[in-house]
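Please open the structure in your viewer and keep the sequence panel beside it, since this tour moves from one selection to the next. At each stop you will be told what to select and what is found there.

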Amino acid sequence: MAKESTKSTSKTKSNAAVTSAVQSLVDLLSSGDESILTQVLCEEPVHNAAVVISSFSCEKAAFLMSKLPEKFRSQIALEIARGERILLDSLQIILSDIKKKVDELASRNYVYLGGSDFITSVLMKMKGSVPEEILNTIKTSDSDVYSELSKKMFVFEDITMLDDRSVQKVLRETDMQDLSRALKLADTKVQEKIFVNMSKRAASMLKEDMEFMGPIRKKDALESQKKMISIIARLEETGEIVIPSSGDEEIFC
């Protein structure tokens, strides 16, 4: 009887320890600073990371997994899907270890370097072909970071995502010379998006301007594209147009 009582007490303590560790990690997510936990998890074996994420609610688990590198979260999903059973004591050890590492990391003094939102704003304000060159370099070095930046940045080719009314508003505020230069470097889809939102006469004149303009420097074309992107950003900021992303639901006007 005494042995059973001891086992019951031990199990109760283990449950309490697990609950405490999980709650601490959930509190960290709720505070909006998931970067510490994701950093710790990325340095853990897939099994341990899967154990931690499985301890959260579906909503918290989904949020955290979305912050992890694509390949790593796919491995975690596979590990969880296999449905392995784990001893309560092992769960306690893993969670306590993760919590300890998180606490140690959180206690250090850091200066946040700004992240993807900051560098996106910086790139959007840079002139010429420099942003494109930087993005291309990032693409070859870290495809995950490149993917995140690409989603945040509006590039000239994204004009094709705008609805016709938005394109027409942009055109009304765009200098025709800038438009001609911008389209010289654009692909056919972008050009057609512009042409169909102009009167036949205006589109015909624009095509003639582009033809008679002859070859232009890439730097000049990119500069004109940046001007149009600035107009688009301003119109979105004032609520006059909406810029959809690839993950957005359908927009009803």
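The tour below begins with the whole chain and then goes on to cores, single residues and charged pairs.

**The whole chain**

Begin with everything displayed as a cartoon, and keep in mind throughout that this is a predicted model. The protein holds 14 helices and 0 strands, so a cartoon coloured by secondary structure should show helices and no strands, because strands here would be DSSP runs of E. Of the 253 residues, 33% count as buried. If you switch on a surface, the accessible area comes to about 16,400 Å², and 53% of that area belongs to carbon and sulfur atoms. Among contacts with a separation of 6 or more, 76% are accounted for by residues 24 or more positions apart.

**The largest nonpolar core**

Next, select Phe-156, Ile-159, Leu-179, Leu-183, Ile-194, Leu-206 and Ile-232, which are the residues that touch the most other members within the largest nonpolar core, a group of 25 residues. The elements that give two or more residues to this core are α10 (164-172), α11 (176-184), α12 (188-195), α13 (200-213) and α14 (218-237), and of the contributors α14 gives the most, with 5 residues. As background to this stop, nonpolar side chains in soluble globular proteins tend to be buried together.

Which residues is Leu-206 in contact with, leaving aside its neighbours within four places in sequence? Select Leu-206 and display what surrounds it: the contacts are Met-176, Leu-179, Ser-180, Leu-183, Ile-194, Phe-195 and Met-198. Apart from this core lies another one, of 22 residues, and you can find it by selecting Leu-37, Met-65, Leu-68 and Leu-95, which are among its members.

**Val-170 in helix α10**

Now move to Val-170, whose place is in helix α10. Is Val-170 buried or exposed? With a relative accessible area of 3%, Val-170 is buried, because the limit for that class is under 20%. Leaving aside neighbours within four places in sequence, Val-170 is in contact with Met-228, Ile-231, Ile-232, Leu-235 and Ile-241. If you draw a distance from the C-alpha atom of Val-170 to that of Met-228, the separation is 7.5 Å, although the two residues are 58 residues apart along the chain.

**A charge over a ring**

Select Lys-207 together with Phe-195 and show both side chains. The charged end of Lys-207 sits over the ring of Phe-195, 4.7 Å from its centre. A search of the whole structure for aromatic pairs, by contrast, finds 0 of them.

**Salt bridges**

The remaining charged stops belong to a set of 9 salt bridges found in a search of the whole structure. Side chains of opposite charge can pair when their charged atoms come close.

Select Glu-44 and Lys-101, which form a salt bridge whose closest N and O atoms are 2.5 Å apart. Glu-44 lies in the loop between α2 (35-42) and α3 (46-54), while Lys-101 belongs to helix α6 (residues 88-106), so the pair ties together parts that are 57 residues apart in sequence. Glu-44 counts as buried at 10% relative accessibility, whereas Lys-101 counts as partly exposed at 32%.

Staying in helix α6, select Lys-99 and Asp-103, which lie 4 residues apart, about one turn of the helix. Their side chains meet in a salt bridge of 3.0 Å, N to O. Lys-99 is partly exposed, with a relative accessible area of 25%, and Asp-103 also counts as partly exposed, at 40% relative accessibility.

Then select Asp-178 and Lys-227, a salt bridge in which the closest N and O atoms are 3.6 Å apart. This pair links distant parts of the chain, with Asp-178 in helix α11 and Lys-227 in helix α14, 49 residues apart. Asp-178 counts as buried at 9% relative accessibility, while Lys-227 counts as partly exposed at 41%. To see how salt bridges can share partners, add Asp-97 to a selection of Glu-44 and Lys-101, since these three residues are joined into one network.

**Last stop: Pro-45**

Finish at Pro-45, which lies in the loop between α2 and α3. Pro-45 is partly exposed, with a relative accessible area of 47%. A distance drawn between the C-alpha atoms of Pro-45 and Ile-76 gives 9.5 Å, and these residues are 31 residues apart along the chain.

Methods
Residues are numbered from 1 along each chain as its sequence is written. This is a predicted model: local features need pLDDT of at least 70, side-chain atom pairs count only at pLDDT 80 or more; totals for chains, interfaces and linings use all residues. Side-chain values use heavy atoms; hydrogens and water are left out. Rings of Phe, Tyr and Trp (its six-membered ring) pair if their centres lie within 6.5 Å; planes under 30 degrees apart count as stacked, over 60 as edge-to-face and the rest as tilted. A charge sits over a ring if NZ of Lys or CZ of Arg is within 6 Å of the ring centre and within 35 degrees of the ring normal. A nonpolar core is a set of buried Ala, Val, Leu, Ile, Met, Phe, Trp, Tyr and Cys residues joined through side-chain atoms within 4.5 Å. Buried means under 20% relative accessible area, exposed over 50%, partly exposed in between (1.4 Å probe, protein chains only). Contact means heavy atoms within 4.5 Å. A salt bridge is a side-chain nitrogen of Lys or Arg within 4 Å of a carboxyl oxygen of Asp or Glu. Accessible areas come from the Shrake-Rupley method with a 1.4 Å probe; for residues, only the protein chains shown count as cover.
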